[in-house]
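Here is a small set of exercises to work through with the model open beside you. Try each task on your own before you read its solution.

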Amino acid sequence: MSKKGGAVAGAASILKLIVPAGKAMPSPPVGPALGQRGIKSMDFCKQFNDRTKDLTPETPTPVAILIQPNRTFTFTVKSPPTSWLLKRAAGVKKGAAQPGKESVGTVSLKHVFAIAQIKKKDPVMSHVDLKSICKSVVATAKSVGIAIVP
């Protein structure tokens, strides 16, 4: 679940994790991933939990941690995965075993628009128009096995 960037010695590295909102603890996967890079996991956990205290507890929250050579770090909290948001809106626990052939739930276009607005807040998506994000949400719904109703 982690990815290390920067192959040059002395260069900053990026660590990507998915951590439950407000529930970061120095236990796996957070503790070992940060510990092997020389970062105190408790420092990260306190800051992360403080930033995500407004989110629903246990929401899977992607985070990108930029680790500098001097063992300082900054991190960016992103919105939850689209598939998780869709499953929550549809009220299902799992996606379809055979997407396209079976449907596990439905969401309305209103839900699709609301999810697109959440995704629009991500720094990476700020320049993308809402219509394109809605199309992406619809495509994700199809791949999870959730039908879109008007």
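**Exercise 1: A charged pair**

The side chains of K53 and D50 form a salt bridge, with 3.2 Å from N to O. This is a predicted model, so keep that in mind as you go.

Task: Find out how many salt bridges the structure holds, and classify K53 and D50 as buried, partly exposed or exposed.

Solution:
- Step 1. Start with the general idea: side chains of opposite charge can pair when their charged atoms come close.
- Step 2. Check the distance against the cut-off: a side-chain nitrogen of Lys or Arg has to be within 4 Å of a carboxyl oxygen of Asp or Glu. The N to O distance for K53 and D50 is 3.2 Å.
- Step 3. Count: the structure holds one salt bridge.
- Step 4. Look at accessibility. K53 has 56% relative accessibility, so K53 counts as exposed. D50 has 47%, so D50 counts as partly exposed.

**Exercise 2: Building the sheet**

Task: Work out the strand order of the sheet and say which strands are at its edges.

Solution:
- Step 1. Take strand β1 (residues 13–20) and β2: eight bridges pair them in the antiparallel sense. Within this pairing, L17 has V63 of β2 as its bridge partner, and P20 has P60 of β2.
- Step 2. Move on to strand β3 (residues 73–77), which is joined to β2 by five bridges and runs antiparallel to β2. Here I67 is matched with F73 of β3.
- Step 3. Inspect the connection. β2 and β3 form a hairpin with five residues between them, and R71 in the turn has a positive phi of about 70°.
- Step 4. Put the pairings together: the result is an open sheet of three strands in the order β1-β2-β3, with antiparallel pairing. β1 and β3 are the edge strands, as each pairs on one side only. From one strand to the next, the twist averages 25°.
- Step 5. Turn to strand β2 (residues 60–67). Seven of its eight residues are buried, so β2 is largely enclosed by the rest of the structure.

**Exercise 3: Aromatic rings**

Task: Say how many aromatic pairs the whole structure has, then describe the geometry of F48 with F75 and of F73 with F75.

Solution:
- Step 1. A search of the whole structure finds five aromatic pairs.
- Step 2. Take F48 and F75: the centres are 6.4 Å apart and the planes are at 45°, a tilted pair. This pair links distant parts of the chain, with F48 in helix α2 (residues 41–51) and F75 in strand β3, 27 residues apart.
- Step 3. Check burial. F48 counts as buried because its relative accessibility is 0%, and F75 counts as buried at 5%.
- Step 4. Compare F73 and F75: the ring centres are 6.3 Å apart and the planes are at 25°, so this pair is stacked. F73 counts as buried too, at 17% relative accessibility.
- Step 5. Gather the rings: F44, F48, F73 and F75 form one aromatic cluster.
- Step 6. Add the charge: R51 lies over the face of F75, at 4.0 Å from the ring centre.

**Exercise 4: The whole chain**

Task: Give the domain bounds and the distance between the domain centres.

Solution:
- Step 1. The domain assignment gives domain 1 (13–77) and domain 2 (82–148).
- Step 2. The C-alpha centres of domain 1 and domain 2 lie 26 Å apart.

Methods. Residues numbered from 1 in each chain as written. Predicted model: local features only at pLDDT ≥ 70, side-chain atom pairs only at ≥ 80, totals over all residues. Heavy atoms only, no water. Buried < 20%, exposed > 50% of the residue type's maximum accessible area, 1.4 Å probe, protein only. Helix = DSSP H or I, 4+ residues; strand = E, 2+ residues; numbered from the N terminus. Pairing = 2+ DSSP bridges. Domains from an automatic or database assignment. Phe/Tyr/Trp six-rings, centres within 6.5 Å; stacked < 30°, edge-to-face > 60°. Lys NZ or Arg CZ within 6 Å of the ring centre and 35° of its normal. Axes fitted to C-alpha atoms, helices over the stretch in contact; angles between N-to-C directions.
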